[in-house]
Amino acid sequence: METHEINKRFLDYFEKRGHTKVPSASLILDDPTLLFVNAGMVQFKPYFLGEVPAPYPRATSVQKCVRTGDIDEVGKTTRHNTFFQMAGNFSFGDYFKQGAIERAWELLTTSQDDGGLGFDPDRLWVTVYEHDAETAAMWREIAGLPSERIQFRGADDNYWDMGVPGPCGPCSEIYYDRGPEYGREGGPVVDEDRYLEIWNLVFMQEIRGELSPKKGHPPIGELPQKNIDTGMGVERVAYLLQGVENVYETDLVRPVIKRAEEFSGRRYGADHADDVRFRVIADHARSGVMLIADGVTPGNEARGYVLRRLLRRIVRSVRLLGVHEPVLPEFAAVVRDAMSPSYPEVAREFDRISDVMRVEEETFLATLTSGSRIFDLAARETKRSGGTILSGDKAFQLHDTYGFPIDLTLEMAAEQGLSVDEEGFRTLMEQQRQRAKADAAARKTGHGDLSVYRSLLDAHGETEFIGYTDLQATARVL
Ligand code: ATP
Ligand code: MG
Ligand code: MG
Ligand code: MG
């Protein structure tokens, strides 16, 4: 079943059961606590908190999500994208646990011919919060699940919050058993590679403060009413229903892998290290396109930095596959073709998306060539002297002169079995910030020594700023 069809079935199922269909919100919402929207509930947060009355008692959506915290998992686990779609149903003070469990179970286990997703009920397991016997009883009652397929877990796993202050509550997760060839028996508590988490039902009833209940801090209050917030991972369901091995091989992601195979002449599935690169490329290309479509541009801070890191990781991975030409606009076009049926903004904004990618790639390729040479020399020197730590000095130079984000230096060092003196790096960064601040203050008060500029001006005349057109020049300031 194609991903677009899974989305459609989900929304239709809940719409038929009295839920208002709500379009995905942008990945960028005006919420200072979040860099990107990371779950379906984010756009409904004011309704859960009771700040604004919900315009409908029930809603359903498929939400674009970005989780940058999962970036290091990409390509290595079978189940983590940086961009993914979360299908959800929501109740604002309407139905609670029973209604959520009944509906999730029905949609998952109804046959595909009858409009459901057609999962074999005998392969489904659930987890329940350790203090929530009520929910366990409901799973036995409603789904007929035997007790051994209902597992209790602590707050770490089964108490959901947004990672920041906001609504929260105990949750119950649904897992699919992929079978003995994928790992150890005994349910998700024993092995989450074999038992794949597909859907989380959150019983949203409390508010967390600065500190998380996951870390043993009790919630700071009750919400005005009891709510339901669920999130089903569309790519995970797609991977199971499409009979492939992971989220990167699903119909909307795989085409980028194919394009990367064509570029590189290497074959996906032939070599483990290459496969991880192919998956990183496919995942990040999609996140990059979706983020730019929603208005993010590459930069050195916050959202812009995340986007820059994603795009640069693609470029590096492609080079490690032996490709040295520019590729980002090509991948962007593949992502557009896959995603625009569900997200027309990608087609609408494509020229801009493609331009942003092209410029970022050109800039980075220029810095990468010279920076890599410096890095290799430094790595060789470190090893020759019997060391295992690349100096903070070198990391700083790579950042300052060649525009290497520290993450890139860390990654390249790790590939060579080296670590990096991050503290030293940060000290130098801080010193540089202080110097810049002092310079700015001096300029403001007019006490700066401008004679050096005067003499340059006398010698060469007025200079022209070429940073916008000359990429070599821009590269140096990144
Ligand atoms: P995991 O334990 O696998 O990291 P999670 O518990 O962090 O997942 P939730 O916060 O419960 O995930 O999100 C709801 C659903 O969204 C999950 O059940 C899963 O199906 C899906 N999901 C979460 N993170 C990702 C991701 N990085 N890529 C793809 N799907 C995801
Ligand atoms: Mg997670
Ligand atoms: Mg989980
Ligand atoms: Mg979960």
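This section describes the strands around β4 and β7 and the surroundings of ligand 1 in a predicted model.

Strand β4 spans residues 124-129, and six of its six residues are buried, so the strand is largely enclosed by the rest of the structure. The burial extends to both faces of β4. On one side lie Leu 124, Val 126 and Val 128, while Trp 125, Thr 127 and Tyr 129 occupy the other. A residue counts as buried here when 20 or more other C-beta atoms lie within 10 Å of its own.

Two pairings involve β4. With strand β7 (residues 166-177), β4 forms five bridges in the antiparallel sense. Within this pairing, Leu 124 is bridged to Tyr 176 of β7, and Trp 125 has Tyr 175 of β7 as its partner. With strand β5 (residues 150-153), β4 runs parallel, and the two are joined by four bridges. Here Tyr 129 is partnered by Arg 153 in β5. The parallel strands β4 and β5 also belong to a right-handed β-α-β unit, in which the helix is α4 (residues 133-143).

Strand β7 is likewise a buried element: 11 of its 12 residues are buried, so β7 is largely enclosed by the rest of the structure. Besides its bridges to β4, β7 pairs with strand β6 (residues 159-160), to which it runs antiparallel and is joined by two bridges. Tyr 159 of β6 has Pro 170 as its bridge partner in β7. The hairpin of β6 and β7 has five residues between the strands, and in this hairpin Gly 163 adopts a positive phi near 90 degrees. A further antiparallel pairing links β7 to β8 through 10 bridges. In this pairing, Glu 173 is matched with Asn 200 of β8.

Asn 200 also connects this description to the ligand, being among the closest of the 16 residues that surround ligand 1. The other closest residues are Asn 81, Phe 84, Gly 231 and Gly 233. Two or more residues of the shell come from each of β3 (83-92), β8 (195-208), β9 (221-233) and α6 (234-241). Of the contributing elements, β8 gives the most, with four residues. In terms of residue class, the shell around ligand 1 comprises six charged, five polar and five nonpolar residues. Strand β8 thus appears in two settings: as the antiparallel partner of β7 and as a contributor to the shell around ligand 1.

Key:
Residues numbered from 1 in each chain as written. Chains lettered and ligands numbered in written order. Predicted model: local features only at pLDDT ≥ 70, side-chain atom pairs only at ≥ 80, totals over all residues. Near = placed C-beta within 6 Å. Nonpolar A, V, L, I, M, F, W, Y, C, P; charged D, E, K, R; others polar. Pairing = 2+ DSSP bridges. Right-handed = clockwise from strand over helix to strand, strands pointing away.
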